[in-house]
Amino acid sequence: MMLIIAPASLQTNPGGTNKSQVPTLSATDPEDGNFSVGKSFKIISLPINGILYYNNVAVTANQIISNYDPTKLTLDPNDGTITVTFTVAGVDAAGKEDPTPATVTMPFTTSKPKLLLVKRITRINNQDLNNIVDGRSDVSTSAANYVSPLYETDDDSDKPWPLGYLRGLINAGIVKLGDELEYTIYFLSNGLSNATNIRICDLVPGNVTFIPNTFNGMTPNDGGLPGADQGIALAIGSTTPTAYLTNVADSDRGRFYTANDSATPSYCGINTNGAVVVNITVPSFPSLPAATGSGTPANSYGFVRFRAKVK
C-alpha cells in the first residue's frame, strides 16, 4: 500500500480552540484499489503542538478510524506560526497495516488584522447626504474629494467596500453657526485574521460641539445604563444602526469623553474637544465582492455615527 497525503498549503492559524480541516487521506492498494473515503486509517503518532479530532472527539495514539470521512478529521493547532505533523497508516480490508506510515504536515502562520476606516459627513440638519464619493489625492487639496495619498486606496467605494456603502461627503462645503452635522466613521475588516476587541476613537472636530442626546429613546440598546443619554450609533453588517450607545462608562460598547478628560485613552491622542470611542469585534474578509455588494461575511463591516453642532 502506498499512502498519499496531499500537501497542505500555508494557512492562517485559526487561534483559540478553532479547528482546521486535515488534508484528505488517500492511498493505492494492490488489492483494495483506490483507498480513501470509507476505508480505515490508523493514527500512529499524534501531533505535539495541536490536538487531532475525529467527529469532534480527540483522537488517541494508534486509534483506527473506520469508514473514514475526511470532513470529520480536524486539527486544533496551538496558537502562533507553527508546523503541525502527525503520522498515519492505511489499514486494508484484510486488516493489514501499511508498514510505512506517512507524515501529514500542516503549516500555519499568524497575521495581524487589518481594519479600514473612512470618515464621511452623512447629514446636515435634516438633509441626509447619500452621495457616493471616492477620495483622491491627485486633485487640489481644496477639492471636495481630496484625501491624503496614505488613505486613497482605502477610500474607494468600489473596492473592497460593499457596493454603495460609503455614502456621504468628504467635504460638505460651507456651514453656518448652529448647523447640525452628522459624522459617520465606516470600518471594514479585510486582513487575514479577525479584528478583535478593536477600539475606534474619533476626536470631535474643534469647530463643533458633540450632541449628547441625538439617539435618545431609540432602540435597540446595547446594555447601557437606562435613562443615560445616547449620542452614539453603531452598525455592524448593516446600512442602518444596529445599536444605540450611551455616552457614559457602563456595560455597552460606546463612550464619550469630554474635552481634556484625563480618562481619555492614550490611543485617541490629545482630546481638546471631546472623543467618541466604540469597541468592536469584526470577522475578517480579505476580498469583499464589492461588485455584487454581498458583504460576506455580513459582520465584517459597519460604522460608528454621531452628530455635532457648529459653534
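A strand, as I use the word here, is a DSSP run of E of at least two residues, and strands are numbered from the N terminus. I need this first, for placing Asn-125: this residue is in the loop between strand 13 (115–124) and strand 14 (127–128). I also note at the start that the model is predicted.

**Entry 1. The whole chain.**
I looked up the secondary structure and found zero helices and 22 strands in the protein chain. The chain has 311 residues, and 44% of them count as buried. I then looked at contacts with a separation of 6 or more: 65% of these are between residues 24 or more positions apart. The accessible surface comes to about 15,300 Å², and carbon and sulfur atoms hold 52% of that.

**Entry 2. Strand 21 and its partners.**
I picked strand 21, which covers residues 275–282. How many of its eight residues are buried? I found six, and noted the strand as mostly covered. Next I looked for the strands that pair with strand 21. Strand 16 (residues 195–203) does so in the antiparallel sense, over seven bridges. In that pairing, Ala-195 stands opposite Val-282. Strand 20 (residues 254–257) also pairs with strand 21 in the antiparallel sense, here over four bridges. For Gly-254, I read off Val-278 in strand 21 as the bridge partner.

**Entry 3. The disulfide.**
I searched the whole structure for disulfides and got one. A disulfide is a covalent bond between the sulfur atoms of two cysteines. Here the cysteines are Cys-201 and Cys-268, with their sulfur atoms 2.0 Å apart. Which parts of the chain does the pair tie together? Cys-201 lies in strand 16 and Cys-268 in the loop between strand 20 and strand 21, so the tied parts are 67 residues apart in sequence. The torsion about the S-S bond is about 120 degrees, and the disulfide is therefore right-handed.

I also checked the cover of each cysteine. The cut-off for buried is under 20% relative accessible area. Cys-268 has 8%, so I entered Cys-268 as buried. Cys-201 has 23%, so I entered Cys-201 as partly exposed.

**Entry 4. Asn-49.**
I found Asn-49 in the loop between strand 6 (40–45) and strand 7 (50–54). Is Asn-49 buried or exposed? Its relative accessibility is 17%, so Asn-49 counts as buried. I looked for what the side chain reaches, and found the backbone oxygen of Thr-83 at 3.1 Å. Leaving out residues up to four places away in sequence, Asn-49 touches Pro-77, Asn-78, Ile-82, Thr-83 and Val-84.

**Entry 5. Backbone angles.**
Most residues other than glycine have a negative phi, and most peptide bonds are trans. I looked for departures from this.

- The peptide bond from Thr-219 to Pro-220 is cis, with omega near 10 degrees. I placed Pro-220 in the loop between strand 17 (208–210) and strand 18 (230–236).
- Asn-67 is not a glycine, yet has a positive phi of about 50 degrees. I placed Asn-67 in the loop between strand 9 (63–65) and strand 10 (73–77). With 58% relative accessibility, Asn-67 counts as exposed.
- Asn-125, the residue I began with, has a positive phi near 55 degrees and is likewise a residue other than glycine. With 31% relative accessibility, Asn-125 counts as partly exposed.

Conventions:
Residues numbered from 1 in each chain as written. Predicted model: local features only at pLDDT ≥ 70, side-chain atom pairs only at ≥ 80, totals over all residues. Heavy atoms only, no water. Buried < 20%, exposed > 50% of the residue type's maximum accessible area, 1.4 Å probe, protein only. Contact = heavy atoms within 4.5 Å. Areas by Shrake-Rupley, 256 points an atom, 1.4 Å probe, with all protein chains shown as cover. Pairing = 2+ DSSP bridges. Disulfide = S-S within 2.5 Å. Polar contact = N/O pair within 3.5 Å; in protein donor to acceptor, adjacent residues only side chain to side chain.
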